[in-house]
Each structure stands twice: as structure tokens, then as C-alpha cells.
Amino acid sequence: MPDSLRLRNANAADIAQRARAWWRQLETSTSETRTADALYAGEHWSVVLSLSEVAKANGFTPNLWVVSAGYGLIPGSAMIRPYSATFSRGHVDSVVHDAARRDTAAQLKVWWRTLATYSGPSRSSARSISQLATEQPQSNVLIVASPLYVAAVEDDLAQAASRLQYPERLVIVSSLAPLASGGLARHWIPSSAQHQSRLGGSRLSLHARVAREILQSSRTPFLNARTLQAKYERLIEQSAPLRQYTRKPLTDAEVRIFIRKALLQGASSWSASLRMLRAQQLACEQSRFKSLFFQVQGGS
């Protein structure tokens with residue numbers, strides 16, 4: 001991947017200017033392209049790719065779309081270049097700058113709106129979720145994303161809900177977060193660790209597994225956020241208490257040392273490194289570990 005397609009190398013005075021600078025780098029790059037659905041990898045994405053077939057088997061007519069920090073909204077079939085950009089905080093290629101002094105959600109929303117002004121890699125495709133809802137007002141919209149990615153598209157989702165003929169067909173599967181009690185509260189399906197013992201896999205793919213269960217258990221090709229929210233809240237209440245681990249907590253300095261050793265041993269990702277750490281009965285909260293991993297990987 002060329003340096004120009006790493007967001008750390010797109011610099012500008014404000015978030016909108018940085019987004020425009022980033023887009024220019026995407027457009028002028030000569031790197032080889034691949035379809036979006038073939039570019040992304042990992043356990044989460046593997047489960048996401050299974051959703052279309054599950055949806056078809058249960059009477060839906062699915063279309064896969066990607067909420068991309070690098071490209072904006074794109075269909076899974078879009079031809080894109082490998083890139084490094086994320087809405088997650090702490091990553092060297094994060095959209096978020098100076099999170100301590102600037103509002104994270106505001107930065108993410110400006111970035112999303114700015115990317116939506118460009119035509120995208122699939123020239124005739126919608127560039128916002130609200131545009132999809134306008135074009136297909138009777139459709140279901142199933143969002144599977146972390147809270148930060150939902151924060152980036154929050155305004156877009158609110159507009160989409162207002163344009164759907166049946167707003168309850170907008171369903172958001174994500175972790176519980178402050179945003180879940182805001183304007184999107186009635187669409188939010190809680191994806192909690194309590195579901196993991198029932199659905200299997202790791203927590204990295206939990207949202208996608210909850211979405212797959214929603215599709216598999218649907219008796220009609222119509223989603224209903226209110227019914228689903230009640231169901232998954234009830235499942236959480238009925239679940240056994242989460243297993244408590246007695247791992248030794250580490251300081252930031254100790255975590256950095258561990259990460260450097262893990263990288264030397266061939267660890268290919270932050271998630272693989274975190275599994276190695278926890279296997280040694282050591283403790284570090286996931287988002288903190290992820291942030292430190294990218295700091296070490298980026299040389300800071």
C-alpha cells in the first residue's frame with residue numbers, strides 16, 4: 001500500500017479540508033483496485049459476507065453496502081484501492097484528530113458529509129444511506145457497526161428513517177453506548193457480550209452474528225426495530241452473568257513492551273496480539289490496547 005493511501009499522510013487545517021485532500025489522494029493513486037467485498041478481511045467481515053445468503057434464504061432481497069472511512073458509502077461490488085483509514089480513535093490513520101480538545105462525533109460527521117459530496121468509485125451509486133432510503137422507501141436497512149461508525153453516520157441515519165415508509169425497518173446492531181439513548185434509540189438493537197455464549201465466535205464478530213441471527217429468525221422479509229429491541233433486551237436479561245477473569249492489569253508502558261514483542265513474533269493485527277496477551281492471563285481493555293497497538297506500530 002502506498003503511503004499516499006494511508007490517512008496519516010493527508011494533512012489539512014480542518015476536518016473538511018483533510019477529507020478533500022484525502023479524496024484527491026484516492027483519485028490520483030494508480031494502485032491496483034479490488035472489489036470492496038474482497039478487500040476487507042477478518043472474522044467480522046467473514047460473518048458479514050454470509051449475511052446476503054442468509055437473507056436470501058429468508059425471503060429478503062439483499063444488497064451489501066459498506067460504511068467506509070476511506071470511501072464513504074459504497075456497494076460491496078465497488079472497485080477500490082487498498083487504503084488505511086478508520087473512524088476508530090487512537091489509530092495512526094484515524095479520521096479523529098485531537099480527540100481531547102475536539103468533539104469526536106462532530107469530526108466524524110463532517111468527514112462523512114464531505115466524502116458524500118464526491119461521486120465515489122461506483123459512479124451511479126448512492127452516496128448516503130438517506131439517498132438509499134429515498135430511492136427505496138419500502139426497504140429494510142440493517143446497520144452492523146461499532147458505536148463510533150454509527151456516530152459518523154448518525155445524521156444520515158436519522159434522515160434515512162424519516163424517508164422510509166416504515167421507519168421501524170431501520171435496524172442498528174451495535175454495542176450499547178450513549179448514542180443508543182439519543183435520536184436513534186428506537187432503532188438500536190443491543191449487541192452485548194451476553195449474546196456470545198449463544199452465538200459463538202469472538203466479540204470482534206458479535207454484531208455481525210447478532211445480525212445474522214436476526215435474519216435467520218425472521219418470519220417475514222420485513223424487519224421491525226421495536227420488536228427486535230424488546231427481544232434482544234429480554235435475551236440479555238435472561239442470560240447468565242458474564243464470566244469474570246482474574247488477569248493481571250498492565251500499565252501503558254508494559255503493554256507497549258508486550259506489543260513490540262508480539263510484533264517481533266509475527267503478530268499480524270491488534271486483535272491477534274490482544275488474544276496473546278489475554279492467553280497469558282494479562283489484562284488490558286480492548287480499546288486501550290488497540291490504541292496502544294497502533295501507536296507502537298506507527299512508531300510512537
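**Figure 1. Surroundings of Arg81 in the predicted model.** Leaving aside neighbours within four places in sequence, Arg81 is in contact with Leu5, Leu26, Ser29, Thr30, Ser31, Glu32, Thr33, Leu39 and Tyr71. Arg81 itself belongs to the loop that runs between strand 4 (79-80) and helix 4 (104-115). Arg81 counts as buried because its relative accessibility is 18%, and the limit for buried is under 20%. One of the contacting residues, Ser31, offers its backbone oxygen, which the side chain of Arg81 reaches at 2.3 Å. For orientation, the C-alpha atoms of Arg81 and Asn140 are 29 Å apart in space, and the two residues are 59 apart in sequence.

**Figure 2. Surroundings of Ser139 in the loop between helix 5 (129-135) and strand 5 (141-144).** The side chain of Ser139 reaches the backbone oxygen of Gln136 at 2.7 Å. Once neighbours within four places in sequence are set aside, Ser139 is in contact with Leu164 and Arg169. With a relative accessible area of 18%, Ser139 is buried.

**Figure 3. The largest nonpolar core and the contacts of Leu157.** This core comprises 52 residues, and those with the most contacts inside it are Trp22, Phe87, Trp111 and Leu157. Helix 1 (residues 15-28) gives the most to the core, contributing five residues. Around Leu157, the contacts beyond four places in sequence are Ile129, Ile143, Val150, Leu170, Ile172 and Leu184. Another core, of 17 residues, lies apart from the largest one; its members include Ile189, Leu215, Ala225 and Leu228.

**Figure 4. The second largest pocket and its lining.** The space in this pocket amounts to about 260 Å³. Its lining is formed by Arg169, Ile214, Ser217, Ser218, Arg219, Thr220, Phe222, Leu223, Asn224, Thr227, Leu228 and Lys231. By class, four of the lining residues are nonpolar, five are polar and three are charged. Helix 10 (residues 225-238) provides the largest share of the lining, with three residues. Two lining residues also appear in the preceding views: Arg169 lines the pocket and is in contact with Ser139, whereas Leu228 lines the pocket and belongs to the core of 17 residues.

Notes:
Residues are numbered from 1 along each chain as its sequence is written. This is a predicted model: local features need pLDDT of at least 70, side-chain atom pairs count only at pLDDT 80 or more; totals for chains, interfaces and linings use all residues. Side-chain values use heavy atoms; hydrogens and water are left out. On a 1 Å grid over the protein atoms alone, a cavity is a set of points where a 1.4 Å probe fits but cannot get out, and a pocket is an open set with protein on both sides within 12 Å along at least five of seven lines; lining residues have an atom within 4 Å of a point. Grid points are joined across faces, edges and corners, and a volume is the space filled by probe spheres set on the points. Helices (H or I, at least four residues) and strands (E, at least two) are DSSP runs, numbered from the N terminus. Ala, Val, Leu, Ile, Met, Phe, Trp, Tyr, Cys and Pro count as nonpolar, Asp, Glu, Lys and Arg as charged, and the others, Gly among them, as polar. A nonpolar core is a set of buried Ala, Val, Leu, Ile, Met, Phe, Trp, Tyr and Cys residues joined through side-chain atoms within 4.5 Å. Buried means under 20% relative accessible area, exposed over 50%, partly exposed in between (1.4 Å probe, protein chains only). Contact means heavy atoms within 4.5 Å. A polar contact is a pair of N or O atoms within 3.5 Å; within protein, one must be able to donate a hydrogen and the other to accept it, and residues adjacent in sequence count only if both atoms are side-chain atoms.
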